[in-house]
Amino acid sequence: MNAWLARHLQTLVGTLGRLSQQPMASLLTILVMGIALALPACLNVLVRNAQAVSGDWNGALDVSVYLKTSVNADTAERLMDTLKRRSDIKSIKLIKAEAALKEFREHSGFGEALQALSDNPLPNTLVITPVENLASPAALNAMSDELRKLSEVDVVQLDTAWVQRYLAMLDTVRRMVTLVGLLLALGVVVIVGNTIRLDIQNRRDEIEVTKLVGGSDAFVRRPFLYCGFWYGLGGGLLAWLVVSISVALLAGPVRKIAGLYGSQFSLAGLGVLGGVALLAAGAGLGWLGSYVAATRHLRAIEPK
Amino acid sequence: MTATALPMIRFQNVFKRYPNGREALINLSLDVASGEMVFLTGHSGAGKSTLLKLLALIERPTRGSLVVNGQNLATVNRSKIPAYRRQLGMVFQDHKLLADRSIFDNVSLPLVVANTAPRDVAKRVRAALDQVGLLKYEQARPVELSTGEQQRVGLARAVVTKPPLLIADEPTGNLDPDLSLEVMNIFRRFQEVGVTVLIASHNVQLIEHFKARRIHLEGGRLIEEFPVAEQPLFDPARLIDTAHLADREST
């Protein structure tokens, strides 16, 4: 077992040496794989950030319930207490008509004009924050329909259309990213497979001799598998670098945009976990590609 | 006890026909005893290489049975070929050394494929190189060595696992007479310590110097066998001069 482990380590390091003997060819392969892996990784980061943005918006999906002007503040407060018992409502804030008017007067710039009004045209308003896990457009629509039926209620305002469109688009994009990812993963497998196939052809003599002295298929295949592993790991590392640099370059402008919208949002990168996953995906795909190629092509090489 | 009584190699009514229709071996039956040294002679195309390929499981017989070291080769399927080949040392005319590896790495290959512990590998590689007198070239590349030395490295690689059977296809084909004799003497030394040695060679002059059985093939058939006793006995060391040799033969 120890000898076996030592052999594997030796092969692992040995193949690295073998790759460094043809640095240009190896680097080119790694470069192509890196780009192929970086593309879906970048898109993934993009989608995750877009999701984070929509997560922010979900929280902001308050339902404004304007009561009829005939409903006075006491009735409004009683209604608020009744509604608070609903399980789909997290909190309710009552904006009394006078307070609303006062605020409007101060901030709207129509202060002078409003002085002329004899009574308050603004109704009492309940601002309802739904429970978070119910904050889907469909659930909100159902809730606002129920609220609309209450006799005290005049208008329920909920603008979910844009959220629905956004989420639908996001869903489409996410699916496209998955598709692109799968296609590029296939591409990585093919790239490695082709490189390994050429490598096998170049090492025909070595493979023949190894088989002649009693090397098993698994033994002959091993260095090629490790080659694929290194190509994939190198490609993954390069992809991680590409994503990190892209995120770093975009972080500033994105923060500026978010700031202009009054948001604290900042671009999130892959993170350590995502990076490790990218490395693992690269190494795994590299290994898979070389496994397929080596299994197919090594069988054909037999001593003559 | 039966193991020692069994021959190392037993061909029984072996036929080999290649896909192109060529009959390489026709009804060949042959026993090679354990510890014996046998020369296989014949013109090119006589079936010598085919016979060796059947032994190495590079080719399979079309008909007939072949038992080597107690194993019927018909039962050795593809996945068992590597384990089978590890019991046999092979030497080739073109020595088949790997140019991009050191002499040490070339010789150690059969041990490495058999998962030998690294410290045993070094010990046994040096022992094998010492036996062929090339210990000092351990770190050299094959191209830095002469043809004769390369062939000796090939021999060291064949014996490094201490196989019970050593087969060689024209091992002296590319060597001049002096080097040929030197290489053959190394084979002889392995036979003396109990290894069964089977050498295909068309160099009749050379092999006549050795006290060993000769098997002659012609057109895929076994034509004649010279038993050991019938062969002229010479001390190989005295017979490097071929002119002198020819003189002896005519008398």
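In this predicted model, a good place to begin is A:E77, which counts as partly exposed at 32% relative accessibility. The side chain of A:E77 meets that of A:K96 in a salt bridge, with 3.6 Å from N to O. A:E77 belongs to helix α3 (residues 73–83) of chain A, while A:K96 sits in the loop between β2 (89–95) and α4 (97–108) of chain A, so the salt bridge ties together parts that are 19 residues apart in sequence. A:K96, for its part, is also partly exposed, with a relative accessibility of 32%.

This pair is one of 23 salt bridges found over all chains of the structure. Another, at 2.6 Å from N to O, brings together the side chains of A:E206 and B:R101. Here the partners come from two chains: A:E206 lies in helix α8 (residues 204–212) of chain A, and B:R101 lies in the loop between β6 (88–91) and α4 (103–113) of chain B. The surroundings of the two residues can be described in turn. A:E206 has a relative accessible area of 11% and is therefore buried, the cut-off being under 20%. B:R101, at 22% relative accessibility, counts as partly exposed. Through shared partners, salt bridges link A:E206 and B:R101 with A:R18, A:D199 and A:R203 in one network.

Within chain B, a salt bridge joins B:E208 to B:R214, and their closest N and O atoms are 3.7 Å apart. Both B:E208 and B:R214 are buried.

Turning to cysteines, the count of disulfides over all chains is 0, where a disulfide requires two cysteine sulfur atoms within 2.5 Å. Two cysteines of chain A can still be placed by their accessibility. A:C42 is partly exposed, with a relative accessible area of 27%, whereas A:C227 is buried, at 1%.

On a broader scale, chain A is divided into two domains. Domain 1 takes in residues 2–57 together with 164–298, and domain 2 covers 62–159. The centres of domain 1 and domain 2 of chain A, taken over C-alpha atoms, are separated by 53 Å. The salt-bridge residues A:E77 and A:K96 thus have positions within the 62–159 range of domain 2.

Finally, the confidence of the prediction deserves a look for chain B. The average pLDDT of chain B is 86, and 88% of its residues score at least 70. Residues 237–251 of chain B are a stretch to read with this in mind: pLDDT stays under 50 there, and the model has 14 contacts for this stretch beyond four places in sequence.

Note on methods:
Residues numbered from 1 in each chain as written. Chains lettered and ligands numbered in written order. Predicted model: local features only at pLDDT ≥ 70, side-chain atom pairs only at ≥ 80, totals over all residues. Heavy atoms only, no water. Domains from an automatic or database assignment. Buried < 20%, exposed > 50% of the residue type's maximum accessible area, 1.4 Å probe, protein only. pLDDT = per-residue confidence, 0-100. Contact = heavy atoms within 4.5 Å. Salt bridge = Lys/Arg side-chain N within 4 Å of Asp/Glu carboxyl O. Helix = DSSP H or I, 4+ residues; strand = E, 2+ residues; numbered from the N terminus.
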